[in-house]
Amino acid sequence: MMQCSKCDHWVHAKCEGVTDEMYEILSNLPDHILYTCLPCMDGRRAEWQAVVTSELHSGIEQVLSALVTSRLTAHLLQHRQASPGDDDPDDIDPTTPRDLDTVKLKFDQGDYTSVLGFSDDIAWIIQSGINDEMEYPDTKQANLSAKAYFIKQMERIFPWYKVQQSKYWQDSGGPLNGLHPAAVMPPSLDHIYAQWREQGEGVRRRNG
């Protein structure tokens with residue numbers, strides 16, 4: 001339920017056409033951004049609508065910027081071409097982005113209107129890379145690292161969004177699809193702590 005700042009009536013978010021994402025963003029806005037119900041808006045665009053849209057686009061831009069500039073996701077910038085004769089799965093939408101460059105183009109064109117749409121596109125790109133590890137085994141750890149990095153960025157910008165519940169993720173039997181159970185992303189976000197820890201344990205065993 002939400003209270004209109006003009007008429008003081010309480011209204012249901014869904015009855016007002018407010019999506020779950022809009023509600024979460026609206027709930028985290030400064031107190032001076034007040035909600036106005038549809039009847040009180042009288043066909044005009046309310047301030048809160050413009051601010052929610054701006055916050056949505058700003059958040060997506062921050063996550064995307066982190067992805068296209070990090071070494072952890074550099075291999076996802078451009079789609080690796082399939083071998084001659086390989087066909088795309090029949091159930092894949094031909095408009096689905098295959099790499100981060102395409103996602104950026106889609107964002108620049110204003111095609112992302114929800115966190116879900118953006119998140120699912122990135123999840124599909126990363127999971128596709130993980131699924132291709134049999135053909136390209138050298139990219140297995142890179143894609144696992146990319147997934148962990150993406151999830152951390154989403155949790156930082158959109159803490160209310162359940163990024164790990166994307167329909168595209170496929171459980172590989174371990175936390176964050178194979179990362180060390182004690183793994184955390186360090187401040188630089190350009191190294192995987194689990195690897196460092198395992199190396200340290202190896203040195204201590206040799207010295208012991």
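Aspartate 8 sits in the loop between strand E1 (2-3) and strand E2 (10-11). In this predicted model, the phi angle of aspartate 8 is near 65 degrees, a positive value in a residue other than glycine. Aspartate 8 is partly exposed, with a relative accessible area of 49%. That value does not pass the 50% cut-off, so aspartate 8 is not counted as exposed. Aspartate 42 also has a positive phi, near 55 degrees, and is likewise a residue other than glycine. Aspartate 42 is placed in the loop between H2 and H3. Its relative accessibility is 56%, and aspartate 42 therefore counts as exposed.

The chain as a whole holds 7 helices and 2 strands. Read from the N terminus, the order of elements is β-β-α-α-α-α-α-α-α. The chain has 208 residues, of which 38% are buried. Among contacts with a separation of 6 or more, 62% join residues 24 or more positions apart.

One helix pair was examined in detail. Helix H1 (residues 20-27) and helix H3 (residues 47-69) have axes that come within 10 Å and cross at roughly 100 degrees. H1 is therefore roughly perpendicular to H3. On the H1 side, the contact is made by Glu21, Met22, Ile25 and Leu26. On the H3 side, Trp48, Val52, Glu55 and Leu56 take part. The residues of this contact divide into 6 nonpolar, no polar and 2 charged.

The loop between H1 and H2 includes leucine 34. Leucine 34 is partly exposed, at a relative accessible area of 47%. Its C-alpha atom lies 9.2 Å from that of glutamine 3, although the two are 31 residues apart in sequence. With neighbours within four places in sequence set aside, leucine 34 is in contact with Ser5 and Trp48. Trp48 thus appears both in the contact of H1 with H3 and among the contacts of leucine 34.

Aromatic residues were considered next. The count comes to 5 aromatic pairs. Tyrosine 35 and tryptophan 48 form one that is tilted, with 4.9 Å centre to centre and 45 degrees between the planes. This pair links distant parts of the chain. Tyrosine 35 belongs to the loop between H1 and helix H2 (38-41), whereas tryptophan 48 belongs to helix H3, 13 residues apart. Tyrosine 35 and tryptophan 48 are both buried. In another pair, tyrosine 112 and phenylalanine 118 have ring centres 5.5 Å apart and planes at 90 degrees, so the arrangement is edge-to-face. Tyrosine 112 is buried, as is phenylalanine 118. Ring pairs also link Phe158, Trp160 and Tyr161 into a cluster. A charged side chain adds a further ring arrangement: lysine 147 lies over the face of tryptophan 169, at 4.4 Å from the ring centre.

Two residues of helix H5 have contacts elsewhere in the chain. Serine 119 is located in helix H5. Its relative accessibility is 0%, so serine 119 counts as buried. The C-alpha atoms of serine 119 and phenylalanine 150 are separated by 9.1 Å, and the two residues are 31 apart along the chain. Beyond neighbours within four places in sequence, serine 119 is in contact with Phe150, Met154, Tyr161 and Val163. One of these, Tyr161, is a member of the aromatic cluster with Phe158 and Trp160.

Alanine 123 is likewise placed in helix H5 (residues 115-131). Alanine 123 is buried, with a relative accessible area of 0%. Between alanine 123 and glutamine 170, 47 residues apart along the chain, the C-alpha separation is 10.0 Å. Leaving aside neighbours within four places in sequence, alanine 123 is in contact with Phe150, Ser166, Tyr168 and Trp169. Phe150 is in contact with alanine 123 and also with serine 119. Trp169, in contact with alanine 123, is the residue whose ring face lies under lysine 147.

Notes
Residues are numbered from 1 along each chain as its sequence is written. This is a predicted model: local features need pLDDT of at least 70, side-chain atom pairs count only at pLDDT 80 or more; totals for chains, interfaces and linings use all residues. Side-chain values use heavy atoms; hydrogens and water are left out. Axes are lines fitted to C-alpha atoms, for helices over the stretch in contact, and angles run from 0 to 180 degrees between N-to-C directions. Helices (H or I, at least four residues) and strands (E, at least two) are DSSP runs, numbered from the N terminus. Angles under 35 degrees count as roughly parallel, over 145 as roughly antiparallel, 65 to 115 as roughly perpendicular and the rest as oblique. Contact means heavy atoms within 4.5 Å. Ala, Val, Leu, Ile, Met, Phe, Trp, Tyr, Cys and Pro count as nonpolar, Asp, Glu, Lys and Arg as charged, and the others, Gly among them, as polar. Rings of Phe, Tyr and Trp (its six-membered ring) pair if their centres lie within 6.5 Å; planes under 30 degrees apart count as stacked, over 60 as edge-to-face and the rest as tilted. Buried means under 20% relative accessible area, exposed over 50%, partly exposed in between (1.4 Å probe, protein chains only). A charge sits over a ring if NZ of Lys or CZ of Arg is within 6 Å of the ring centre and within 35 degrees of the ring normal.
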